[in-house]
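Trainee: I would like a close look at one part of this model, and at how the rest of the chain is arranged around that part. Please keep it to what can be checked on the structure.

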Amino acid sequence: MLFGEQPREWTGLSLETVQAIERFSLLSSKIADRSAEQSSGHHTFSIWAKGLLRSMDELEQSCYAAKRYADQVHHNLIEELTSEELLSYNRHVYYDKNAYIRAFALLDKLGTLLNQLLNLQTERIKARFSYFTVLRNMRENKLHVELMKPLNELKERHQNVFSRLRNRRNLEIHQMNAELKDDLNQSIANDGSPRTLENLSVNMSDLDRCWEMVHGTLNLSFRYACKQLQR
């Protein structure tokens, strides 16, 4: 809607992922309806799955908007930005940080679901755990190896990207706006020289890889989760 376009339709691996999440949610609801003993837990799984589907949609939209607004910025020096470019840049910054913050939040929600569904007991390692703690628990204790191995391979392929995104996320949440940190570094290093924007193309490449890792992780997890419910 922001760009005068038709709504996006899921295709390819993304469509397969959406279908796997919807199938898991439906299976969980059916198990809850026919078993009083399992009702509460599986109703929770169904709701969590629906929430993750919404989070996936929100992440995709944030990534798309961040890239589209970045494409509207044509100058590198801050002083050379037109008023329209500055507006697009500010909108880009909003959706960019919205995306990488949402990516970690989504993964952590998925980690909570997997921990409960697969009885991984990650809370014994760390009371407040992340998705990556859940995956480490699976790896070190050789739990659900059929799922752990491809999830770990996917994480390893995107290790550098997620290290950069984690640094930006932590900076944004705990210290200062990530884009202002770049301004501060330039002010210290450049001794008053004209300030440049951060490298938007590199950041957008990281978002592409982030999206690839997150929705790939969801795909693997929910296909495996469906198998577990159908046993």
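Which residues of the largest nonpolar core touch the most other members?

Mentor: This is a predicted model, and everything that follows is computed from it. Phe24, Phe162, Val214 and Phe222 touch the most other members of the largest nonpolar core, which has 59 residues.

The core is best placed against the fold as a whole. The chain contains 8 helices and 0 strands, and its elements read α-α-α-α-α-α-α-α from the N terminus on. Of the 231 residues in the chain, 45% are buried. Among contacts with a separation of 6 or more, 71% join residues 24 or more positions apart.

Many elements feed the core. At least two core residues come from each of H1, H2 (39-70), H3 (83-117), H4 (131-140), H5 (145-157), H6 (159-175) and H8. The largest contribution, 13 residues, is that of H8.

Val214 shows how such a core residue is surrounded. With neighbours within four places in sequence set aside, valine 214 is in contact with Leu59, Ala103, Leu106, Leu107 and Phe162. Phe162 is thus both a contact of valine 214 and another of the residues that touch the most other core members.

Phe24 and Phe222 lead to a particular helix pair. Phe24 in H1 and Phe222 in H8 are both among the residues through which these two helices meet. The axes of H1 (residues 12-34) and H8 (residues 200-229) come within 8 Å and cross at roughly 35°. The crossing of H1 past H8 is left-handed. From H1, the contact takes in Leu13, Ser14, Glu16, Thr17, Ala20, Ile21, Arg23, Phe24, Leu27, Ser28 and Ile31. Facing them from H8 are Trp211, His215, Leu218, Asn219, Phe222, Arg223, Ala225, Cys226 and Leu229. By class, the residues of this contact are 12 nonpolar, 5 polar and 3 charged.

Lysine 30 also belongs to helix H1. Because its relative accessibility is 46%, lysine 30 counts as partly exposed. The C-alpha atom of lysine 30 is 8.9 Å from that of histidine 43, which is 13 residues away along the chain.

H4 is another contributor to the core, and most of this helix is covered: 7 of its 10 residues are buried. The buried ones are Tyr131, Phe132, Thr133, Val134, Leu135, Asn137 and Met138. Packing by these buried residues is against H3, H5, H6 and H8.

The cysteines deserve a separate check. How many disulfides does a search of the whole structure find? The number is 0. For cysteine 63, the closest cysteine sulfur is that of cysteine 210, at 5.7 Å, and this is too far for a bond because a disulfide needs the two sulfur atoms within 2.5 Å. Seen from the other side, the closest cysteine sulfur to cysteine 210 is in cysteine 63, again at 5.7 Å and too far for a bond. Both side chains are covered: cysteine 63 is buried at a relative accessible area of 5%, and cysteine 210 is buried at 0%.

The loops remain. Two positions in the loop between H3 and H4 stand out by their backbone angles. Most residues other than glycine have a negative phi. Asparagine 119 lies in this loop, and its phi is positive, about 50°, although it is not a glycine. Asparagine 119 counts as exposed, with 54% relative accessibility. Glutamine 121 has its place in the loop between H3 and H4 too. The phi of glutamine 121 is near 55°, again a positive value in a residue other than glycine. Glutamine 121 is partly exposed, with a relative accessible area of 28%.

The loop between H2 and H3 holds leucine 77. Leucine 77 counts as partly exposed, at 24% relative accessibility. Although leucine 77 and threonine 196 are 119 residues apart along the chain, 4.3 Å separates their C-alpha atoms.

To return to the core itself, H8 gives the most residues to it, and valine 214 touches Leu59, Ala103, Leu106, Leu107 and Phe162 beyond its sequence neighbours. Phe24 and Phe222 take part in the contact between H1 and H8.

Definitions and conventions
Residues numbered from 1 in each chain as written. Predicted model: local features only at pLDDT ≥ 70, side-chain atom pairs only at ≥ 80, totals over all residues. Heavy atoms only, no water. Axes fitted to C-alpha atoms, helices over the stretch in contact; angles between N-to-C directions. Helix = DSSP H or I, 4+ residues; strand = E, 2+ residues; numbered from the N terminus. Left-handed = near helix turned anticlockwise from the far one by under 90°. Contact = heavy atoms within 4.5 Å. Nonpolar A, V, L, I, M, F, W, Y, C, P; charged D, E, K, R; others polar. Buried < 20%, exposed > 50% of the residue type's maximum accessible area, 1.4 Å probe, protein only. Core = buried A, V, L, I, M, F, W, Y, C linked by side-chain atoms within 4.5 Å.
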